[in-house]
Amino acid sequence: MTRYALRVTSLAAALGLWQLLTSRDIDLWLRFSQFPTVTDVAHAFADRLAGPHYWTDLTDSLTRILTGFLLAAVLGVATGVLVARSRLAEDLLGPVLEVIRPIPAIALVPVAILLFPSNEQGIVFITCTAAFFPVLVSTRHSVRALTPVWEEAVRTMGGGRWRVLASVILPGALPGVFGGLSVGIGVSWICVISAEMISGQYGVGYRTWQDYTVVDYPGVFVGMVTIGVLGWLTSTAVELLGRRLTRWLPRTSHVPATRPKPVRTRTAPPVGTAVPQGLHPKEARDEHLVRD
């Protein structure tokens with residue numbers, strides 16, 4: 001409960017600071033007087049929720065992001081495992097993928113416009129490309145980092161190639177795969193919003209850009225808040241799914257470890273050691289410890 005209280009407090013403090021700087025028209029190098037206040041954004045948000053366009057844009061953006069991301073997840077995991085396990089696939093696909101990977105996905109908008117018959121398919125293609133490479137690279141490194149002993153143990157027990165894939169490769173690489181998926185969903189949101197601004201007809205990105213062109217700054221911030229909330233929800237969903245599928249992994253605890261108290265042990269004097277006169281045998285053992 002303390003952690004949730006801290007999170008709510010930090011969010012409330014950020015909103016309070018935003019309201020203070022914008023309502024007072026404070027200009028300290030940064031021109032907060034040009035920003036809408038929190039109340040202006042809240043009123044615009046309420047008006048959007050009451051209209052039909054907001055929900056249409058929300059549905060279109062979610063459909064595009066989920067379609068492109070799911071395609072990227074399947075293709076990225078399959079290609080990553082194939083490249084990591086097959087030298088022939090690495091030689092054939094590796095050079096092409098490494099040349100395309102540095103190209104920003106949003107730079108492929110002209111290619112999508114020329115290649116696909118509709119803008120909808122082009123936006124899904126850009127979204128898929130954006131998430132594909134983080135998943136591919138993470139899967140490839142995770143598969144290559146697996147301990148060979150596990151595969152040898154399965155083969156010793158009579159397991160074949162598909163048994164190794166199902167029992168060793170996929171479960172062992174799963175934490176790294178979900179790391180790539182977490183990165184990929186964030187990059188997908190960036191690219192789908194950018195693609196909607198450039199060539200979309202509906203969607204949160206398209207509506208945000210339209211609000212900017214008509215100088216409706218509260219509407220622009222409504223779009224930004226919507227994008228942030230949607231990105232947070234989808235990233236959280238991917239993280240929770242990853243924890244669910246990898247619940248067999250040991251989890252680190254946030255409770256600081258306490259240093260164990262040293263245990264003092266006493267040893268008897270060696271056999272044959274004479275006990276000084278006037279000392280109890282227990283005292284003789286203590287004197288022996290001090291002397292050593």
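A residue counts as partly exposed when its relative accessible area falls between the buried limit of under 20% and the exposed limit of over 50%. Glutamate 90, a good residue to select for practice, is partly exposed because its relative accessible area is 33%. Keep in mind throughout the tour that the model is predicted.

**The whole chain**

Show the chain as a cartoon, and you will find 11 helices together with two strands. Reading from the N terminus, the order of elements is α-β-β-α-α-α-α-α-α-α-α-α-α, which places both strands after the opening helix. Of the 292 residues in the chain, 31% are buried, and the chain exposes about 19,400 Å², of which carbon and sulfur atoms supply 66%. If you compute contacts with a sequence separation of 6 or more, 65% of them join residues that are 24 or more positions apart.

**First stop: isoleucine 65**

Select isoleucine 65, which sits in helix α3, the run of residues 52-85. Its relative accessible area is 0%, so isoleucine 65 is buried. Once residues up to four places away in sequence are set aside, isoleucine 65 touches Thr127, Ile185, Ser188, Trp189 and Val192. Add valine 192 to the selection and draw a C-alpha to C-alpha distance: isoleucine 65 and valine 192 are 6.8 Å apart in space, although 127 residues apart in sequence.

**Second stop: glutamate 151 and arginine 85**

Move next to glutamate 151, which belongs to helix α7, residues 148-156. Is glutamate 151 buried or exposed? With the limit for buried set at under 20%, glutamate 151 counts as buried because its relative accessibility is 19%. Beyond its neighbours within four places in sequence, glutamate 151 is in contact with Arg85, Val164 and Val168.

Now display the side chain of arginine 85, with which glutamate 151 forms a salt bridge whose closest N and O atoms are 3.0 Å apart. This pair links distant parts of the chain, since glutamate 151 lies in helix α7 and arginine 85 in helix α3, 66 residues apart. Arginine 85, at 40% relative accessibility, counts as partly exposed.

**Third stop: further salt bridges**

The structure holds 11 salt bridges, and several can be visited in turn. Select arginine 144 and glutamate 90, whose side chains meet in a salt bridge at 3.0 Å, N to O. Here too the pair links distant parts of the chain, with arginine 144 in helix α6 (residues 119-144) and glutamate 90 in helix α4 (residues 87-100), 54 residues apart. Arginine 144 has a relative accessible area of 41% and is therefore partly exposed.

Continue to glutamate 98, which forms a salt bridge with arginine 101, the closest N and O atoms lying 3.0 Å apart. Finish this stop with Arg48, Asp211 and Asp216, which are joined into one network by salt bridges that share partners.

**Last stop: a nonpolar patch**

Switch to a surface view and select Met197, Ile198, Trp209, Tyr212, Val215 and Tyr217, which form a nonpolar patch with about 590 Å² of accessible area together. Which elements give two or more residues to the nonpolar patch? They are α8 (161-199) and α9 (204-213). Within the patch, pick out tyrosine 212, which lies in helix α9; because its relative accessible area is 46%, tyrosine 212 is partly exposed.

Terms used:
Residues numbered from 1 in each chain as written. Predicted model: local features only at pLDDT ≥ 70, side-chain atom pairs only at ≥ 80, totals over all residues. Heavy atoms only, no water. Helix = DSSP H or I, 4+ residues; strand = E, 2+ residues; numbered from the N terminus. Buried < 20%, exposed > 50% of the residue type's maximum accessible area, 1.4 Å probe, protein only. Contact = heavy atoms within 4.5 Å. Areas by Shrake-Rupley, 256 points an atom, 1.4 Å probe, with all protein chains shown as cover. Patch = residues over 30% accessible without salt bridge, like charges linked within 9 Å, V, L, I, M, F, W, Y side chains within 5 Å. Salt bridge = Lys/Arg side-chain N within 4 Å of Asp/Glu carboxyl O.
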